[in-house]
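Visitor: Please give me a close look at one part of this entry, namely strand pairing, and then at what can be said of the side chains around it. Kindly explain each term where it is used.

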Amino acid sequence: MRKEDKRILVENIEVYKTFRERLINLALSQFEWHGLPDTCDDLYLERSLLFNGKAAMYKPEGTDFWLTTDYIYKGKLDVYGYPTAIRGVGYGSHNFIPVGTEWQIVFDNRDFTSIMPKIDFYARLLWEIFNTYRSNLQQQITPYIVAVEKKQFLSVKNLFNRILGFQPVIGMQPGFDLESIKTVDTHVNFIGKELMDNFQIVWNQALAVLGITGETTKKERMLDDELTYNRMEDDICINSRLLGRMKFCNQMNAKYGLNLSVNISSNIQEIQRAQLDGAVSDIQDINEQKMLPDVQPDRNGDREVPGVKTRRDE
């Protein structure tokens, strides 16, 4: 692979990883656990739920402490599809056999699956839109197809690299024939705003998968019913992930006398409130505009505003 091709490949991978990691970090920060034993790692628990869609809390044989890791089921499933026996699987494939029935499983969502395929899907979509934006932007700098002789190729390539680098003064070797360069203007229109608007829409859809209400732009102002519906859909998505965790806490508390609890992260709640307040403010602005009186100019060019005298009235 050529060095330039390798650089582009690495750059594309980094862009994709950036969006993927942003979504992963949001997903891992959505819930706050309380009352977990000191031997349980809440971040590892959330990572197991996110990447594997499941986790378990158990006491390994020969110990008297709790662990929270991934698991694999052993033997048969019961009538509802739940395992009748499990084996704990920690980092580095460490295996643990729980003590008797002292274990409890938890799923990330009501579908019993990982949401990572959805995160990967939206990270790819965001990567495509972002790279399209970059390509469209670059073609505003050098919107040309260039035809040159082979012996001049390197010089022309360096020339356009300097243009892309925004160099104010570009020096060329003596004897370089600029007149011999043939270019074809591709006439690429700049559609950056449309692409960024589309990027925001896809980003909001990715957040909705996590149950987070995305930012509503001025162009996307919604009515009260639309806002309520969108917020309700986001709440259902995040509750799909929260309810299983709450059920797990209740089961552990009832069976083993623990004091576990889980709630939506306060940071996520603040983001939701801020987005909701902004959207409500937009709706109020629209309603106020609708309530403004219909102002029409009179024959003399004055504007008739209720309660205000015009020159004609005087």
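Guide: Two strands pair if DSSP finds at least two bridges between them; strands (E, at least two residues) and helices (H or I, at least four) are DSSP runs, numbered from the N terminus. The model is predicted, so that local features need pLDDT of at least 70 and side-chain atom pairs count only at pLDDT 80 or more, whereas totals for chains, interfaces and linings use all residues. Residues are numbered from 1 along each chain as its sequence is written, and side-chain values use heavy atoms, with hydrogens and water left out.

The part in question is an open sheet of five strands, with antiparallel pairing and the order β5-β4-β3-β2-β6. Its edges are β5 (95-96) and β6; each has a single partner strand, so one side of each is left without a neighbour in the sheet.

Consider β6 and its partner. Strands β2 and β6 run antiparallel and are joined by six bridges. One position can be named on both sides: M57 has Q104 in β6 as its bridge partner. On to the next pairing: β2 (residues 54-60) meets β3 in the antiparallel sense over three bridges, and A56 stands opposite T69 in β3. These two strands form a hairpin with six residues between them, and G62 in the turn has a positive phi of about 80°.

A further hairpin follows, made by β3 and β4 with five residues between them; here G81 in the turn has a positive phi of about 90°. The pairing of β3 with β4 is antiparallel and extends over six bridges. Y71 has G88 in β4 as its bridge partner. The ring of Y71 also has a charge over it: the charged end of K54 lies 4.7 Å from the ring centre, where "over" requires NZ of Lys or CZ of Arg within 6 Å of the centre and within 35 degrees of the ring normal. R245 makes a like arrangement with F31, its charged end sitting over that ring at 4.2 Å from the centre.

Next come the aromatic rings. The whole structure holds 10 aromatic pairs, the rule being that rings of Phe, Tyr and Trp (its six-membered ring) have centres within 6.5 Å, with planes under 30 degrees apart called stacked, over 60 edge-to-face and the rest tilted. Y82 and F112 form a tilted pair, 6.0 Å centre to centre with 50° between the planes. This pair links distant parts of the chain, 30 residues apart: Y82 lies in the loop between β3 (67-77) and β4 (83-89), and F112 in the loop between β6 (98-107) and α3 (116-141). Y82 is partly exposed at a relative accessible area of 28%, the cut-offs being under 20% for buried, over 50% for exposed and partly exposed in between (1.4 Å probe, protein chains only). F112 is likewise partly exposed, at 39%. Elsewhere, F19, F130 and F199 form one aromatic cluster.

Another link across the sequence involves L243, found in helix α6 (residues 224-256). The C-alpha atoms of L243 and N109 are 7.9 Å apart in space, although the residues are 134 apart in sequence; L243 itself is partly exposed, at 40%.

The cysteines complete the account. C40 counts as buried at 10% relative accessibility, whereas C237 is partly exposed at 26%. With a disulfide taken as a pair of cysteine sulfur atoms within 2.5 Å, the count is zero.
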